[in-house]
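Biologist: I would like to learn how to read a protein structure step by step, beginning with a single residue and its surroundings. Could you take me through one, giving the general idea before each case?

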Amino acid sequence: MAELLVILGWIGLYAPMALGAVGSIIGCSIAGQAAIGAMLDTETGHGRYIGVSAMASSQVIFGIVVMFTLNRPVNVDNAAGLFSVGVLSGLALLFSGIYQGQCCAAAIHASKAKPEIFGLSIVPAAIVEGFAVFAFIFALVISGGIPKV
């Protein structure tokens, strides 16, 4: 049982970065495909489309910081905490990356047809980013209570 707990603790250490990276990969891919499609249809605004398509990349950065914050020797006393905080924050980063990419793709499509709404069209993506920041901050706060030895 102790070995299983330690394995779960190690999974929890790596989960925020890995799951955040998967969310960023999927989100940037979704928005990037929309950006490429928009560039085929328009003559201007290409830089905006590329910039918006990279918005979902922040989830992997949040995941890396959480991973380093959780980094400590894994033992039976802290494994459950590491697993819980790591996996749950990683899942939040995963889903926020995917849905932020979808919001960015919708913003690209909308601003392609109506460039004057570009600023407003990225607000939903910023709101999704806010939820990722919540998961990030609370993971940092909660990780302070996990035993280090």
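Biologist: Let us start with one residue, then: which residues is Leu70 in contact with, once its neighbours within four places in sequence are left aside?

Modeller: Please keep in mind throughout that this is a predicted model. The general idea is to set aside the sequence neighbours and to look at what remains, and for Leu70 what remains is Gly12, Leu13, Pro16, Leu82, Val85, Gly86, Ser143 and Ile146.

Biologist: Which residues touch the most other members of the largest nonpolar core?

Modeller: A nonpolar core is read as a set of buried nonpolar residues joined through their side chains. In this structure the largest such core has 13 residues, and Leu70 and Leu82 are the ones that touch the most other members. Two or more residues of this core come from each of helix H3 (58–70), helix H4 (79–113) and helix H6 (123–143), and H4 gives the most, with 4 residues. There is also a second, separate core, made of 11 residues, and among them are Ala34, Ala38, Tyr49 and Val52.

Biologist: Before we go further into the helices, how many helices and strands does the protein have?

Modeller: The protein has 6 helices and 0 strands, and, read from the N terminus, its elements run α-α-α-α-α-α. Its C-alpha atoms fill a box of roughly 60 × 20 × 20 Å along the principal axes. Of the 149 residues in the protein, 41% are buried. If you take the contacts between residues at least 6 apart in sequence, 86% of them join residues at least 24 apart.

Biologist: At what angle do H3 and H4 pack?

Modeller: One compares the directions of the two helix axes, and an angle over 145 degrees counts as roughly antiparallel. H3 and H4 pack at about 175°, with their axes 9 Å apart, and they are therefore roughly antiparallel to each other. On the H3 side the contact is made by Ser58, Gln59, Phe62, Gly63, Val66 and Leu70, and on the H4 side by Leu82, Val85, Gly86, Ser89, Leu93, Ser96, Gly97 and Gln100. Sorted by class, the residues of this contact are 6 nonpolar, 8 polar and no charged.

Biologist: And are H3 and H6 roughly parallel or roughly antiparallel?

Modeller: The axes of H3 and H6 come within 9 Å and cross at roughly 5°, which makes H3 roughly parallel to H6. From H3 the contact takes in residues including Phe62, Val65, Val66 and Leu70, while from H6 it takes in residues including Ala132, Val133, Phe136 and Leu140. This contact has 9 nonpolar, 4 polar and 1 charged residues.

Biologist: Ser96 was named in the contact of H3 with H4, so I wonder whether I should read its accessibility next; is Ser96 buried or exposed?

Modeller: A residue counts as buried when its relative accessible area is under 20%. Ser96 has 8% relative accessibility and so counts as buried. Leaving out residues up to four places away in sequence, Ser96 touches Gln59, Val128 and Ala132.

Biologist: What can be said about Ser111, which lies in helix H4?

Modeller: Ser111 is buried, because its relative accessibility is 2%. A polar atom of its side chain lies 3.4 Å from the backbone oxygen of Ile108. Beyond four places in sequence, Ser111 is in contact with Tyr49, Phe118 and Ser121.

Biologist: Where is Lys114 placed, and is it buried or partly exposed?

Modeller: Lys114 is in the loop between H4 and helix H5 (118–121), and its relative accessibility of 43% makes it partly exposed. Lys114 and Phe62 are 52 residues apart in sequence, and their C-alpha atoms are 33 Å apart in space.

Biologist: To finish, could we return to Gly12: in which helix is Gly12 found, and what does Gly12 touch?

Modeller: Gly12 is found in helix H1 (residues 2–41), and Gly12 counts as buried because its relative accessible area is 0%. Not counting residues up to four places away in sequence, Gly12 touches Leu70, Leu82, Phe83, Gly86 and Val87. The C-alpha atoms of Gly12 and Asp77 are separated by 14 Å, and these two residues are 65 residues apart along the chain.

Technical notes. Residues numbered from 1 in each chain as written. Predicted model: local features only at pLDDT ≥ 70, side-chain atom pairs only at ≥ 80, totals over all residues. Heavy atoms only, no water. Core = buried A, V, L, I, M, F, W, Y, C linked by side-chain atoms within 4.5 Å. Buried < 20%, exposed > 50% of the residue type's maximum accessible area, 1.4 Å probe, protein only. Contact = heavy atoms within 4.5 Å. Polar contact = N/O pair within 3.5 Å; in protein donor to acceptor, adjacent residues only side chain to side chain. Axes fitted to C-alpha atoms, helices over the stretch in contact; angles between N-to-C directions. Parallel < 35°, antiparallel > 145°, perpendicular 65-115°, else oblique. Nonpolar A, V, L, I, M, F, W, Y, C, P; charged D, E, K, R; others polar.
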